[in-house]
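Student: I'd like to go through this model with you, one question at a time. Shall we begin?

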Amino acid sequence: MVERAMCDVLVIGGGPAGSTIATQLVRQGRSVVMLEKDHHPRFHIGESLLPGNVALFDKLGVREQIDRIGMPKFGIEFVPQEGPERSYVDFAEGWDPSKGQAWQVRRSDMDEILFRHAGQQGALTLEGAQVRQVTFDKDGADVIAQMEDGSQRQWRARFVVDASGRDTLLANQFKTKHKNDRHNSTALFGHFRHARRLPGKREGNISICWFEHGWFWFIPLADGTTSVGAVCWAYYLKARDKPLKDYFFDTLKLCPELHDRLKDAELVDDKVHATGNFSYSSDRATGERYLMIGDAYTFIDPMFSSGVFLAMQAGFDGAELVATALDRPADYPAARTAFEERMRVGPRDYSWFIYRSTNPTIRDMFMHPKNIFKVKQGLMSLLAADIHHGPAYRQSLRMFKVVYYFVSLTHPVRSWRGWRRRRVNIADHGKLRGETIQT
């Protein structure tokens, strides 16, 4: 019989969401166990951070460590499919100019910093521990994990946090996970040495480059490598008729500017990765004795690099919710409702733009940003992850949408064609596996 250990909270997953909430819960004086199926450092895509992360790193006490591994990032470059035109926007142009800088990071390094920090703060952190079963009752949950040596360990927890990422352990168990029918994208990506970067202060900025089948990211890292990926409509990757690496390089040629930046570059380890079925969400983020945060709750297209921020912010908010559940259970129902609404704010704000990112009107507004009705300040606050700024931000974001709809109505044929094309692009033309493929 497997011996059962006790803890206040068991956290499934040792990524940014899990490590953040584990740290905060330990600081509340709780016994916390965090189980990570892999070993740090482990590969993870999603290197671009937002200024909203800076305050969270400060609160955790790891900002200096992140700064040492990070490439300073002050804004975004937008690149059209063809032509010499460029648009450069800075985070400091938002409602809060102090939120003007973030970093590009190698996620394997950043995630390990957060994981080790949680252990140093007092969480019991175990790697190579794959959670196989979670059984709930009115008082808590029994969690069984399989260790890499084949043995099993079991815990009795008063509360469970699912931060299992795209494994979405509890959402799968409760059958609450749904594919996002309003978005259907895939990605192929690799890392390069000797890519040509932007000059001066803009060297670390992310570049978003549009092409016929989606958009590219270009993310410079502090170690001299550059992460380059294509987020494309699912039909495009399903149509692949050659080895993945060859297909990726053919795709890069569809963006002349990006192709030129990589003409003297070399692919690190000769590897290209692909992943499919990007966007999904769960019906709910909470239950009587559990909550789901980060990618375990929802995943949206990474166009605006919001993933790490939303995961970590949910870790801070989730720690307060757990405290309510354990210490003030009578207040928990109301706290759950408020938490659920807060969890929807970020994905809702970012998704509105993501759903329209291929529309000519949005592209024009990104390429020629104007501050009529303070809409640029609203946009830059969104891109800086200052999404809880307050009424001024909300009003400017609403006005951005008003301007968008007005411009769309003044170009009805172009707008209709853009809408129609997107409807065709998000159609599910067969299935593509969601795991990573390497070649």
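**Helix packing and salt bridges**

Tutor: Gladly! Helix 11 and helix 13 pack with their axes 9 Å apart, at an angle of about 125°. Keep in mind that this is a predicted model.

Student: Which word describes how helix 11 and helix 13 lie to each other?

Tutor: Start from the angle of about 125° between helix 11 and helix 13. Angles of 65 to 115 degrees would count as roughly perpendicular and those over 145 as roughly antiparallel. The angle here falls in neither class, so helix 11 and helix 13 are oblique.

Student: Is the crossing of helix 11 and helix 13 left-handed or right-handed?

Tutor: Look first at the residues that meet there: Thr 361, Ile 362, Met 365 and Phe 366 of helix 11 touch a set in helix 13 that includes Phe 400, Val 403 and Tyr 404. The crossing of the two helices, helix 11 and helix 13, is right-handed.

Student: How far does helix 13 reach from its first C-alpha to its last?

Tutor: Helix 13 covers residues 391–410, which makes 20 residues. At 1.5 Å a residue, 28 Å is expected, and the model comes close to that. The reach of helix 13 is 29 Å.

Student: Which helices are included in what covers the buried residues of helix 13?

Tutor: The buried residues of helix 13 are Tyr 393, Ser 396, Leu 397, Met 399, Phe 400, Val 403, Tyr 404 and Ser 408. An α-helix has 3.6 residues a turn, so residues three or four places apart point the same way. The cover over the buried residues of helix 13 includes helix 10, helix 11, helix 12 and helix 14.

Student: How far apart are the closest N and O atoms of Asp 349 and Arg 394?

Tutor: This salt bridge links distant parts of the chain, with Asp 349 in helix 10 and Arg 394 in helix 13, 45 residues apart. Asp 349 is buried at 4% relative accessibility, whereas Arg 394 is partly exposed at 25%. The closest N and O atoms of Asp 349 and Arg 394 are 2.6 Å apart.

Student: Which residue forms a salt bridge with Arg 156?

Tutor: Arg 156 counts as buried, at 12% relative accessibility. The closest N and O atoms of its salt bridge with Asp 137 are 2.9 Å apart. Arg 156 lies in strand 10 and its partner in strand 8, so the pair ties together parts 19 residues apart in sequence. The partner of Arg 156 is Asp 137.

Student: How many salt bridges does a search of the whole structure find?

Tutor: Another pair is Glu 266 and Arg 193, with closest N and O atoms 3.8 Å apart. There is also a network that links Glu 77, Arg 86, Arg 196, Glu 257, Asp 260, Arg 261 and Lys 263. For the whole structure, the search finds 37.

Student: What is omega for the cis peptide bond that joins His 40 and Pro 41?

Tutor: Most residues other than glycine have a negative phi, and most peptide bonds are trans. Pro 41 sits in the loop between strand 2 and helix 2. The bond joining His 40 and Pro 41 is cis, with omega about -5°.

Student: Is Asp 269 buried or exposed?

Tutor: Asp 269 is found in the loop between strand 16 and strand 17. Its phi is positive, about 60°, although Asp 269 is not a glycine. With a relative accessible area of 61%, Asp 269 is exposed.

Methods: Residues numbered from 1 in each chain as written. Predicted model: local features only at pLDDT ≥ 70, side-chain atom pairs only at ≥ 80, totals over all residues. Heavy atoms only, no water. Helix = DSSP H or I, 4+ residues; strand = E, 2+ residues; numbered from the N terminus. Expected span 1.5 Å × (residues − 1). Buried < 20%, exposed > 50% of the residue type's maximum accessible area, 1.4 Å probe, protein only. Contact = heavy atoms within 4.5 Å. Salt bridge = Lys/Arg side-chain N within 4 Å of Asp/Glu carboxyl O. Axes fitted to C-alpha atoms, helices over the stretch in contact; angles between N-to-C directions. Parallel < 35°, antiparallel > 145°, perpendicular 65-115°, else oblique. Left-handed = near helix turned anticlockwise from the far one by under 90°.
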